Amino acid sequence: MIHSLARRLPFFYGWVVVGCTMCSGVVRQVAAVATLSIFLVPMTDEFGWSRTGISGAVSLGGVLGAFVAPFIGPLFDRHGSRALLIASAVTVSGCCIALAGTQGLLWFYVAFSISRMMFSAPFEIGTTSAVTKWFVRGRARAMSLLVMSTGVGLTVLPLVVAAAVAVVGWRAGWVTLAVIAIVLGVIPQWLLLVRRPEDIGLRPDGVGAGPESPVSAARLPAANEVSFTRARALRTSTLWLLMVYTLLVFPVQAGVSLHQAPHLIERGISATIAATIVSTFSLAAVLASLLFGHIGERMVSVRMCLAASAALLALGAATMRGVEGPLLGYVSAGLFGAGIGGILTMIPVAWANYFGRAHFGAIRGITLPAQVGGQAVGPLAAGVLHDLTGSYASGLTAFAVLSLIAAGLALITRAPRRP
């Protein structure tokens, strides 16, 4: 049925696949630190937890994601993203129901860390792998749409949660997220997601679409397409430089995302305005992802895009440190969100452009621990520094420095020699 539908569509079926991954991208943000940040104040007020205590659940989920990533990465190459993305959405929904019934910190840790594990590994590898396998020349633009869905989720979900918390309470907020996860994370993927274009007789980017069967299409090599196995990729300096870059920027991304709302409230900004600033950060990420996708599709150097993204992170963190009112809060959120949009778009593009799509899942599986490790360390470090110093100023300074180092590192990263 899908093969027939793909032939009748007036556009490349890969864009339907992108639409499915975008739905999963929204669901993924149910476990994002920006979404959790809306729950941070009401839950800590009710239970008396410290910021370090609740941040630890984010870190634990990241550690679990780093552990499972190398094992599940090859599964996406062999079996595709459909079943694993559906399973991830169902798991996240169940975790949200459990979180709605939270009675203590241990309960919260178990439920949220499992949800965060899904965020850190299966959703990340599954969505980017699906897009990568359908596009080569249009990869940056397709990936920017996937990242746009991340921004849409981060823009809409905090507002939905904030409204539910204000009207009914924080438990209702978790139930709302559970319903969203099922509706967007299961139905489109079950009906429409396909592993790769060759499986239905198509080619990446829709190039050379003709009457060939899925079997004959699968035997045709993609023109001028690089292909590294995981073992060969691990022997290149490019892989290790990208991993270090990732390890530097993602503590910044996760640390600021989780603690930005509490930081703004501590600086005298109301909870309602803080929620709109969090959404502004997400909106900026959406717009920046589209811009970077447009630039990347025109073959502007990936390393320059990565360097610019890290520089925007540094500027956003430094500006956020000095927030004294809503205006500067919006400015800092815009800068920081733009950097996040660039990073989330261009890092998957860099992995795919440098090492190819055939073993993308396996390579991302072995390298993803650097990303989820950084996302695990950032929130915890910011929480510890806050509890020790009484403010987020020192943490934001450290994040700005890490981002500047990453920008310099990106500039010296080059594509590996073809095998």
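Author: A salt bridge here is a side-chain nitrogen of Lys or Arg within 4 Å of a carboxyl oxygen of Asp or Glu, and the term is applied below to a predicted model.

Reader: Why are Lys133 and Asp77 called a salt bridge?

Author: The side chains of Lys133 and Asp77 meet with N and O 3.0 Å apart, and because the limit is 4 Å, the pair satisfies the rule. The two partners belong to separate elements, Lys133 to helix H6 (residues 105-134) and Asp77 to helix H4 (residues 51-79), and the pair links distant parts of the chain, 56 residues apart. Both Lys133 and Asp77 are buried, a word that stands for under 20% relative accessible area.

Reader: How many salt bridges does this rule give?

Author: The count comes to seven salt bridges. One of them joins Glu46 and Arg171, whose closest N and O atoms are 3.5 Å apart, and this value also lies within the 4 Å limit. Here Glu46 sits in helix H3 (residues 33-47) and Arg171 in helix H8 (residues 170-185), which places the partners 125 residues apart.

Reader: What makes Glu46 and Arg171 buried, exposed or partly exposed?

Author: Glu46 has 45% relative accessibility and Arg171 has 26%. Buried requires under 20% and exposed over 50%, so a value in between is called partly exposed; Glu46 therefore counts as partly exposed, and Arg171 likewise counts as partly exposed.

Reader: How do you know that Glu124 and Arg364 tie together distant parts of the chain?

Author: The side chains of Glu124 and Arg364 meet in a salt bridge at 3.1 Å, N to O. Because Glu124 lies in helix H6 and Arg364 in helix H16 (residues 360-389), the pair ties together parts that are 240 residues apart in sequence. Glu124 and Arg364 are both buried, and together with Arg28 they are linked in a network of salt bridges.

Reader: Which residues form the nonpolar patch on the surface, and what makes Val175 eligible for it?

Author: The nonpolar patch consists of Ile97, Val175, Val179 and Val183, which together have about 320 Å² of accessible area. Val175 has 37% relative accessibility and counts as partly exposed; because a patch residue needs over 30% relative accessible area and no salt bridge, the value for Val175 passes the accessibility cut-off.

Reader: Which helix gives the most to the nonpolar patch?

Author: Helix H8 gives the most, with three residues, and Val175 is found in this helix. Arg171, the partner of Glu46 in a salt bridge, also lies in helix H8.

Technical notes. Residues numbered from 1 in each chain as written. Predicted model: local features only at pLDDT ≥ 70, side-chain atom pairs only at ≥ 80, totals over all residues. Heavy atoms only, no water. Helix = DSSP H or I, 4+ residues; strand = E, 2+ residues; numbered from the N terminus. Buried < 20%, exposed > 50% of the residue type's maximum accessible area, 1.4 Å probe, protein only. Patch = residues over 30% accessible without salt bridge, like charges linked within 9 Å, V, L, I, M, F, W, Y side chains within 5 Å. Areas by Shrake-Rupley, 256 points an atom, 1.4 Å probe, with all protein chains shown as cover.
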